[in-house]
Amino acid sequence: MTTAILTDGPQLAEILALETKVWEALAAGDPVADGRLLTEDFLGVYPSGFSDKSGHCDQLKDGPVMRAYRLSNAQLRVITAEAVLLSYRASYLAAGASEWSTMLISSLWEQDAGSWRNSFSQDTPENG
């Protein structure tokens, strides 16, 4: 099986824009916007453990969880016409934090009925 890995272009830009909307929802404390971007069977794998869609959205019930963020080094692995894996570096300042943190993130986006939704995300702390 041959997969394409994109480091620029319109498909990467489209998926990165969707991923940015997830971050915007985290920064705005908007669980409705967050939920619209996730599949019903969403699975998150985080340093704190596993999360489903409701857990991802519920973290926003008391407001924003991020104050600021920067996404960089994005690349897109095209699995099929309906599934892509976005990987990137995220630097962020969490709500209530005074120091920036960095994670390496991979998010699986799947297309269904013409809409892309995030079905899986894994965050790995960057050491160093």
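**Strand pairing around β7**

I looked up the pairing of strand β2 (residues 38–46) with strand β7 (residues 115–125) in this predicted model. The two strands run parallel and are joined by four bridges. For a residue-level check I took L38, whose bridge partner in β7 is N118.

Next I asked how strand β6 (residues 101–112) pairs with β7, parallel or antiparallel. The sense is antiparallel, with ten bridges. Here I noted L104, which has T124 as its bridge partner in β7. I then went to the connection between β6 and β7, which form a hairpin with two residues between them. In that turn, A113 has a positive phi of about 55°.

**Salt bridges**

How many salt bridges does the whole structure hold? My search returned two.

I recorded E40 with K53, where the side chains meet at 2.7 Å, N to O. E40 belongs to strand β2 and K53 to helix α3 (residues 53–58), so this pair ties together parts 13 residues apart in sequence. I also checked whether each partner is buried or exposed. E40 is exposed at 68% relative accessibility, whereas K53 is buried at 16%.

The other entry is E126 with R89, at 2.9 Å, N to O. R89 sits in strand β5 (residues 83–94) and E126 in the segment after β7, so the contact ties together parts 37 residues apart in sequence. For accessibility I noted E126 as partly exposed at 33%. R89 is partly exposed too, with a relative accessible area of 26%.

Terms used:
Residues numbered from 1 in each chain as written. Predicted model: local features only at pLDDT ≥ 70, side-chain atom pairs only at ≥ 80, totals over all residues. Heavy atoms only, no water. Pairing = 2+ DSSP bridges. Salt bridge = Lys/Arg side-chain N within 4 Å of Asp/Glu carboxyl O. Buried < 20%, exposed > 50% of the residue type's maximum accessible area, 1.4 Å probe, protein only.
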